[in-house]
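Reader: Got a minute to go over the pockets in this one? Pull it up and I'll fire away.

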Amino acid sequence: MIRTRFAPSPTGYLHIGGARTALFSWAYARKHGGKFILRIEDTDLERSTKQSTQEILDGMAWLGLDYDEGPLYQMQRLARYQEIAEQLLQTNQAYYCYASKEELDMMREQQLAAGLKPRYDGRWRDSKKTPPTGVKPVIRFKNPREGHVVFNDLVKGRIAVANHELDDLVLIRSDGVPTYNFSVVLDDLDMNISHVIRGDDHVNNTPRQINILKTLDAPLPYYAHVPMILGTDGERLSKRHGAVSVTQYRDNGYLPEALINYLARLGWSHGDEEIFSQEQLIAWFDLTSINRSPARFNPEKLCWLNQQYLKTADNSRLAKLAVPFLEADECNIKAGPDLSLVVDLLKERVNTIEELADAAVYFFRSLEPSDELKIQHLNKEVKPVLTDLMKRFATIKWNRQTIHNEIKSTATEHGIKLPKLAMPLRVIITGEAQTPSIDAVLDLLGQEETLHRMKKKISSLPD
């Protein structure tokens, strides 16, 4: 059975790169009817936090990346790591290293000064020296010194690394906590992971991990190292490129299906398809279609894609998502028109739920126009025209067509072009210069509220 995993470290939020790795692993398992496992690699005791763990879980849930097993935590498996480390010690495939931090720092400084690659020199590998008292040793792996590690990466192709390029890595730290390269090997082995799909910053770790698996006579998983994501400037993706947490995109009003769609297209493609559902992604996904070159994160493209999803999204769903934004903007939702109808009017004009809520505010509370708009549109010449229109509005049957007819006939009778009335009307009603058609806005706002706002604003206009 295909078994994939996503194994984040809870030392920060779930970022875009991690989310894409999770997505690819999830999609591959779903494509093949396999299992997708979530593992929390929490052995970095200084930096791992419960808050970060919850951020990861929340981000996964929001994206809809459901897992079949987990979350599993490494710190609950310490006895297993110690057991295998002891086994390797007994078979002379690992050893205690008593080198102090100061010794290791001096060793690296000397190597750098000599123009050498800094690496552990194996000083305790076959040492017969008496261990120093009071020093807690680490356990190091006896990496083979001859031959090569060769594996076929499902994205990058054949990779070969000479064993003499690899030093003896630490398996267990002096505090009894395993290192990443040791714990990940045992986790993947015990969880029967068939395909390790991860970022290509782990390529250098893979030969070390393969050597540990071979020493344990364990089967090797398939490896697929996905190229990193760069910013639009070609530099490594960072916050300044918009690489915030996944939950921040949720809080900014993006739809999860839009972000999933965008992440899938970051380094993977199915022909020229730009917009597709999760079901289509699962049906089409294949590791062989992942690009070997880095992808570039483009916030504008994500924004455009989110807009496409907003246009076709259910109005009641969008309304529910917009409520928190409107309430934060001091809007009384119950005092205004049906929010679903407002959403239907506005959703094709916005890129995010946050923008949708911003555009809807004037339906739920009166907004004061800017001084610039007042000077430009609210002058004494327009006051009598607006006053006449207000009287007409008070007597008509309220619907979009009759509203439009009254605006048009009022403008005609006063000898002005329609925009010369529609724009001042828009400004006094909404406080904005850019809205959907004003007759549609007034239809939703209602006759009573429209007349109330007109009366209040017209009375303040200069004579």
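Reader: So what volume does the largest pocket have?
Author: About 910 Å³. Keep in mind that this is a predicted model.

Reader: How many residues line the largest pocket, and which lie nearest its centre?
Author: The lining has 35 residues. Nearest the centre are His15, Gly17, Gly18, Asp201 and Arg236.

Reader: And which elements give two or more residues to that lining?
Author: Two helices and two strands: α1 (16-31) and α5 (180-190), plus β1 (3-6) and β9 (195-199). The largest share is from α1, with five residues.

Reader: What's the split by class in the largest pocket?
Author: You get 16 nonpolar residues, 10 polar ones and nine charged ones in the lining.

Reader: OK, switching pockets. What volume does the second largest have?
Author: That one comes out at about 280 Å³.

Reader: Which residues lie nearest the centre there?
Author: Ala99, Lys101, Leu104, Val138 and Arg140, out of 17 lining residues.

Reader: Which elements give two or more residues to it?
Author: Those are α4 (101-113) and β5 (138-141). The largest share of the second pocket's lining comes from α4, which supplies four residues.

Reader: Last one: how do the lining residues of the second largest pocket divide by class?
Author: Eight are nonpolar, six are charged and three are polar.

How values were computed:
Residues numbered from 1 in each chain as written. Predicted model: local features only at pLDDT ≥ 70, side-chain atom pairs only at ≥ 80, totals over all residues. Heavy atoms only, no water. 1 Å grid on protein atoms, 1.4 Å probe; cavity = no way out; pocket = protein on both sides within 12 Å on 5 of 7 lines; lining within 4 Å. Points joined across faces, edges and corners; volume = space filled by probe spheres on them. Nonpolar A, V, L, I, M, F, W, Y, C, P; charged D, E, K, R; others polar.
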